[in-house]
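Work through the exercises below with the model open. Each task is followed by its solution.

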Amino acid sequence: MSKHTVTLIPGDGIGPEITTAMRRVVEATGVDINWEIAEAGAHLMESVGTPLPESTLNSIRKNKVAIKGPVTTPVGSGFRSVNVQLRKELDLFVNLRPAFSLPGTGARYQDIDLIIVRENTEDLYAGVEFEEGSPEAHDLIKFCADKGAGAIRSDSGISLKPISITGSERVVAWACEYALANGRSKVTAVHKANILKYSDGLFLKVAYEVGARYEGRLEFEDRIVDACCMGLVMRPEEFDVLVLPNLYGDIVSDICAGMVGGLGIAPGANIGTEYAVFEPVHGSAPKYEGKNMANPTAELLTAVLMLRHLQETEAAERILGAIREVLAEGTAVTYDIKRVNTGSTDGCVGTSQYADAVIERL
Ligand code: NAI
């Protein structure tokens, strides 16, 4: 019997290619993982009728740990995001998105080492929405007017932004525990509490209550989200661990990903008390599907996070070291990295050849 069984979800678009590359690299370290392949994605809609079959959820529930490629979500209509469904179904309340500098990426910033902890289950992503013109939207607009809560235009669509004490408490506590366990010294709670007094205001109040429990062990501060964005790009050294409600976390983590070289190298993890689902920040990049062009680094770094979670630290650090070497050498790199560094994609390698180069340096 293998030491670990992990659910592997290839996903859509470039997902199958980058997860294949990831699997080859992880296996080359000698870590004993039994991969249980489970499907999710837009490609299942015709054959199975759902992008997230119950069997896939059950596989994750059984194995507790999953790693996935990206999944396509139709914009504006169609099915709800598989990722949002997974986070809700498995109560994966933390979205961990580290942003750290790697050599050879052509990134505008060097020496970045930031941890983004994004709340994953509530805020504007709670999925409580009312379509423009629907009876429900009409009722809600009338309710707000009747209660003197404010006038909403009659032709509005409405998305609610619920933020709870429970949701805020557990994500801020997780961020503080992560900071302590990983030798970090400061946690910054990010919000817009000056305007959104009852949602972000509550998040901020709870954040300070939690932060107070860590007095003497961690520095705890807050920033308003817009000022935080400016601060990040002007003086990133002032930040360490950031904890944010869902929407700001999504946006700020992409800013941080951009600072260190872009989506092709940004890893992520969705973590709850029982389950963890690891996935890169980027999407399914449909235009590169099947072309052996996508950069698998984000998926490989996502595997590094997973291996640390599985306490396979040595394998995790070997993969990270090998990626650093390949990127620093700059020859066997994918089109995106080559283009940033040389202004042309000439001489780039494909997804699987990049994985070969990483394996050679393990
Ligand atoms: P995207 O991340 O797929 O692409 C944005 C840009 O980055 C494109 O130019 C793309 O070609 C490039 N890119 C992304 N990953 C890359 C990689 N590994 N190597 C090289 N270049 C890469 O975002 P987009 O276009 O907004 O979304 C495409 C689909 O992915 C949508 O259906 C979206 O809903 C879905 N998506 C899924 C996510 C997930 O499953 N976790 C996360 C984000 C988007």
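The exercises cover aromatic pairs, a charge over a ring, and cavities in this predicted model.

**Exercise 1.** Classify the ring pair Trp 174 and Tyr 178, and place it in the fold.

Solution. A search of the whole structure finds 3 aromatic pairs. In this one, the ring centres are 5.4 Å apart and the planes meet at 20 degrees. Planes under 30 degrees apart count as stacked, so Trp 174 and Tyr 178 are stacked. Next, locate them: both residues sit in helix α6 (residues 165-181), 4 residues apart, about one turn of the helix. Tyr 178 has a relative accessible area of 18% and is buried.

**Exercise 2.** Do the same for Tyr 208 and Phe 220.

Solution. The centres lie 5.5 Å apart, with planes at 70 degrees. The cut-off for edge-to-face is over 60 degrees, so this pair is edge-to-face. Tyr 208 belongs to helix α7 (residues 200-212), Phe 220 to strand β9 (residues 219-224). The pair therefore ties together parts 12 residues apart in sequence. Finally, burial: Tyr 208 is partly exposed at 35% relative accessibility, and Phe 220 is buried at 16%.

**Exercise 3.** Which residue lies over the face of Tyr 125?

Solution. Arg 118 does, at 5.0 Å from the ring centre.

**Exercise 4.** Describe the cavities and their linings.

Solution. Start with the count: 2 cavities of 30 Å³ or more. The largest has a volume of about 40 Å³. Its lining divides into 8 nonpolar, 1 polar and 1 charged residues. β4 (94-100) and α9 (246-259) each supply at least two of them. The second largest cavity also holds about 40 Å³ of space. Its lining has 8 nonpolar, no polar and no charged residues. β4 gives the largest share, 3 residues.

Terms used. Residues are numbered from 1 along each chain as its sequence is written. This is a predicted model: local features need pLDDT of at least 70, side-chain atom pairs count only at pLDDT 80 or more; totals for chains, interfaces and linings use all residues. Side-chain values use heavy atoms; hydrogens and water are left out. Rings of Phe, Tyr and Trp (its six-membered ring) pair if their centres lie within 6.5 Å; planes under 30 degrees apart count as stacked, over 60 as edge-to-face and the rest as tilted. Helices (H or I, at least four residues) and strands (E, at least two) are DSSP runs, numbered from the N terminus. Buried means under 20% relative accessible area, exposed over 50%, partly exposed in between (1.4 Å probe, protein chains only). A charge sits over a ring if NZ of Lys or CZ of Arg is within 6 Å of the ring centre and within 35 degrees of the ring normal. On a 1 Å grid over the protein atoms alone, a cavity is a set of points where a 1.4 Å probe fits but cannot get out, and a pocket is an open set with protein on both sides within 12 Å along at least five of seven lines; lining residues have an atom within 4 Å of a point. Grid points are joined across faces, edges and corners, and a volume is the space filled by probe spheres set on the points. Ala, Val, Leu, Ile, Met, Phe, Trp, Tyr, Cys and Pro count as nonpolar, Asp, Glu, Lys and Arg as charged, and the others, Gly among them, as polar.
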